[in-house]
Amino acid sequence: MGTAEPDLEELFEQKKRVKNPFVPLGAFITAGVLTAGLISFKKGNSEMGQKLMRARVVIQGATVALMVGSAYYYGESIYKFPRRD
């Protein structure tokens, strides 16, 4: 890592990288629905825009639930700092 402190380098080397492909996908879908809703509002179709905003909230909640669920599933060992003995 170059100029970082040795302890910080050790932390990143030991840290497990857990990749959940559904979290970035959920974020991408959330952004897409948000964009579509804003476009609908701008065009004057407030009924469709409101439905899209409600869908965005549901999708965003599901994405957050996936993040929390994956953190719980993989446990605290992902985020533990190395012991200094």
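How many salt bridges does the count come to in this predicted model? The count comes to one salt bridge. The legends below start with the whole chain and then turn to single regions.

**Figure 1. Overview of the protein chain, a predicted model.** The secondary structure comes to three helices and zero strands. Read along the sequence, the helices follow the pattern α-α-α. Of the 85 residues in the protein chain, 15% are buried. The UniProt record, an unreviewed entry, places the feature "transmembrane region" at residues 22-41 and at residues 53-75.

**Figure 2. Close-up of helix α2, residues 22-43.** Helix α2 has 22 residues. From the first C-alpha to the last, α2 reaches 31 Å, close to the 32 Å expected at 1.5 Å a residue. Residues 22-41, one of the two stretches that UniProt lists as "transmembrane region", are 100% helix and 0% strand. The end C-alpha atoms of residues 22-41 are 28 Å apart. After α2 comes G44, whose phi is positive, near 95°.

**Figure 3. Buried and exposed residues of helix α2.** V23, G26, T30, V33, G37 and S40 are the buried residues shown in α2. These residues cover an arc of only 110° around the axis, so they lie on the same side of α2. P24, F28, K42 and K43 are exposed and sit on the other side of the helix.

**Figure 4. The nonpolar patch on the surface.** F22, L25, F28, I29 and L66 form this patch, and together they have about 500 Å² of accessible area. Helix α2 supplies the largest share of the patch, with four residues. One of the patch residues, F28, is also among the exposed residues of α2. Another patch member, I29, has its place in helix α2. Is I29 buried or partly exposed? I29 counts as partly exposed because its relative accessible area is 38%, which falls between the limits of 20% and 50%.

**Figure 5. The salt bridge between E47 and K51.** The side chains of E47 and K51 meet at 3.8 Å, N to O. This separation is within the 4 Å limit, so the pair counts as a salt bridge. Side chains of opposite charge can pair when their charged atoms come close. Both residues lie in helix α3, residues 46-74, and they are four residues apart, about one turn of the helix. E47 is exposed because its relative accessible area is 56%, over the 50% limit. K51, at 52% relative accessibility, is likewise counted as exposed.

**Figure 6. M48 of helix α3 and its separation from A36.** M48 is found in helix α3. What is the separation between the C-alpha atoms of M48 and A36? The two C-alpha atoms are separated by 9.3 Å, and the residues are twelve apart along the chain. At 40% relative accessibility, M48 counts as partly exposed.

**Figure 7. I59 of helix α3 and its separation from A27.** The place of I59 is in helix α3. In sequence, I59 and A27 are 32 residues apart. In space, their C-alpha atoms are 8.4 Å apart. I59 has a relative accessibility of 23% and therefore counts as partly exposed, since buried means under 20%.

Definitions and conventions:
Residues numbered from 1 in each chain as written. Predicted model: local features only at pLDDT ≥ 70, side-chain atom pairs only at ≥ 80, totals over all residues. Heavy atoms only, no water. Patch = residues over 30% accessible without salt bridge, like charges linked within 9 Å, V, L, I, M, F, W, Y side chains within 5 Å. Areas by Shrake-Rupley, 256 points an atom, 1.4 Å probe, with all protein chains shown as cover. Helix = DSSP H or I, 4+ residues; strand = E, 2+ residues; numbered from the N terminus. Buried < 20%, exposed > 50% of the residue type's maximum accessible area, 1.4 Å probe, protein only. Expected span 1.5 Å × (residues − 1). Arc of directions from axis to C-beta. UniProt positions renumbered as here; feature names shortened; annotations may be inferred.
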